[in-house]
Amino acid sequence: MSDLDRKLLFVTGKGGVGKTTVSVALAQRARASGRRVLLALTEGGQAARQLGVPAIGDQIEQLSDGLHVVLLEPRAALREYAEMSLPPSLVRALLDNRYSRSFLSAVPGLYPWACLGKAWYHSTETVDGRDRFDSVIIDAPATGHGLEMLRVPRVISEAAAPGILKRDAEQAWAMITDPARTSVVVVSLPEELPMLESLELIADLRALGLELARYVLNGRLSDLFTEQEPSWLGLDSATLSADAQQVLAIGERRLCDERAQAAVEAKARQLGVPLSVLPWVFGADTPEGTAVLARALAQSQ
Ligand SMILES: Nc1ncnc2c1ncn2[C@@H]1O[C@H](COP(=O)(O)OP(=O)(O)O)[C@@H](O)[C@H]1O
Ligand SMILES: [Mg+2]
């Protein structure tokens, strides 16, 4: 079984590095290998484009290829959680009252817990004695909020009074910190600064007791140049036409990017965690582009 075939899979990283793209590709990969998958998203627009559907809502929906998707919308998730744990009159009093609603929105950790708790609940859900899903893949919010979401069950289990909330938070925390049931995937770009930030994130995850299962470098440029010095490097550009000088400048910039990228990739290989390197693809926000990435991901293991 791959490190990616766990019951819960968190995909996290800095904003804009391709978390959603990688989450969708992971979900498609898992689905293609026969797993029943729920892709739980904290933002739905990008994934909807990649999956070729008009929108992703807060109710679980099965797409034509058998993949299930849901939007982790904090208020809807909180209502669902309240309805499972409290009598209807109390739910109405809490959630349909303007004053208690604004009070609830100020309670730290409540909304991240509602979202994480929903994903965790579906990872434990059974239908006719059988697990409803083999994998729940969570496209977590960007770095800081993603960490908050992962940390919140521990905070609740330590701080809450005995009761349903404490019990659920304890069970969710036990699951999240169990590497046999949960994997964390950190996504980054093959560039120096994003990588440094992702190393800090990995250290924070480890401090929380969560082990990184896979590191993904997303959007790698293909190598146009071989490792040998290109013969044009020593050219005296003053002897070239204006057009040739421009081409030379573009080539030199690209060569610099490729070398910087190779250096980041070499460092990533020294991290000692499984690494997937995904190519930069044209149209990554379309179903076709995402399919290319899902195949690359499946081959990179
Ligand atoms: N491998 C890739 N090649 C090219 N473009 C990509 C790739 N991965 C992501 N993108 C593009 O980068 C942007 C950010 O990706 P997204 O998955 O939304 O990031 P995040 O969820 O981390 O904010 C999107 O426009 C997406 O289409
Ligand atoms: Mg995203």
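Is Val187 buried or exposed, and how many other C-beta atoms lie within 10 Å? Let me start there, everyone. Val187 is buried, since 27 other C-beta atoms lie within 10 Å, and 20 or more is what it takes to count as buried. Please keep in mind that this is a predicted model.

So, where does Val187 sit? It belongs to strand β8, residues 182-188. If we set aside the neighbours within four places in sequence, Val187 is in contact with Val11, Gly13, Val17, Gly18, Lys19, Val22, Val216 and Asn218. There is also a pairing across the chain that I'd like you to look at: Val187 and Lys14 are 173 residues apart in sequence, yet their C-alpha atoms are 7.6 Å apart in space.

Let me step back to the whole protein for a moment. The secondary structure comes to eleven helices and ten strands. Along the principal axes, the C-alpha trace spans about 85 × 40 × 40 Å. Of the 301 residues, 36% are buried. And if you take the contacts with a separation of 6 or more, 70% of them are between residues 24 or more positions apart.

Now to the ligand. Around ligand 1 there are 16 residues, and the closest are Gly18, Lys19, Thr20, Thr21 and Ala284. Gly18 and Lys19 should sound familiar, as both are among the contacts of Val187. Which elements supply at least two residues of this shell? They are α1, residues 19-32, and β9, residues 212-220. The largest share, three residues, comes from α1. By class, the shell has six nonpolar, eight polar and two charged residues.

Next, a helix I enjoyed looking at: α6, residues 110-124. It has 15 residues and reaches 20 Å from its first C-alpha to its last, close to the 21 Å expected at 1.5 Å a residue. Eleven of those 15 residues are buried, so α6 is largely enclosed by the rest of the structure. If you want to find them on the screen, the buried ones are Tyr111, Pro112, Trp113, Ala114, Cys115, Leu116, Gly117, Lys118, Ala119, Trp120 and Ser123. What do they pack against? The partners are three strands and three helices by name: β1 (8-13), β2 and β7 (135-139), together with α3 (74-85), α7 and α8 (164-176).

The partner I'd pick out is α7, residues 143-159. The axes of α6 and α7 come within 9 Å and cross at roughly 95 degrees. That makes α6 roughly perpendicular to α7. On the α6 side we have Pro112, Trp113, Cys115 and Leu116, and they meet Glu148, Met149, Val152, Pro153 and Ile156 of α7. The residues of this contact divide into eight nonpolar, no polar and one charged.

Right beside this in our story is Gly109, in the loop between α5 (98-105) and α6. Gly109 is partly exposed, with 17 other C-beta atoms within 10 Å. Leaving aside neighbours within four places in sequence, Gly109 is in contact with Val152, Val155 and Ile156. Val152 and Ile156 also take part in the contact with α6. Glu148 comes up again here too: Gly109 and Glu148 are 39 residues apart in sequence, and 7.5 Å apart from C-alpha to C-alpha.

Two more loop residues, if you'll bear with me. Glu43 lies in the loop between β2 (37-41) and α2 (45-51). With 16 other C-beta atoms within 10 Å, Glu43 is partly exposed. Its C-alpha atom is separated by 8.2 Å from that of Asp139, 96 residues apart along the chain. Then there is Asp128, in the loop between β5 (126-127) and β6 (130-131). Asp128 has a positive phi of about 50 degrees although it is not a glycine. It counts as exposed, with 5 C-beta neighbours inside 10 Å.

Last stop, helix α10, residues 242-269. Its 28 residues should span 40 Å at 1.5 Å a residue, and the end C-alpha atoms are 41 Å apart, which agrees. The buried residues here are Gln261, Val264 and Ala268. Those buried residues pack against α9 (192-207), β9 and β10 (275-279). And β9, you'll remember, also supplies at least two residues to the shell around ligand 1.

That's my tour, and I'm happy to go back to any of these spots with you.

Definitions and conventions:
Residues are numbered from 1 along each chain as its sequence is written. Chains are lettered from A and ligands numbered from 1 in the order in which they are written. This is a predicted model: local features need pLDDT of at least 70, side-chain atom pairs count only at pLDDT 80 or more; totals for chains, interfaces and linings use all residues. A residue is near a molecule or strand if its C-beta atom, placed from the backbone, lies within 6 Å of it. Helices (H or I, at least four residues) and strands (E, at least two) are DSSP runs, numbered from the N terminus. Ala, Val, Leu, Ile, Met, Phe, Trp, Tyr, Cys and Pro count as nonpolar, Asp, Glu, Lys and Arg as charged, and the others, Gly among them, as polar. The expected span of a helix is 1.5 Å times one less than its number of residues. A residue is buried if 20 or more other C-beta atoms lie within 10 Å of its own, exposed if 12 or fewer, and partly exposed in between; C-beta atoms are placed from the backbone. Two residues are in contact if their C-beta atoms, placed from the backbone, lie within 7 Å. Axes are lines fitted to C-alpha atoms, for helices over the stretch in contact, and angles run from 0 to 180 degrees between N-to-C directions. Angles under 35 degrees count as roughly parallel, over 145 as roughly antiparallel, 65 to 115 as roughly perpendicular and the rest as oblique.
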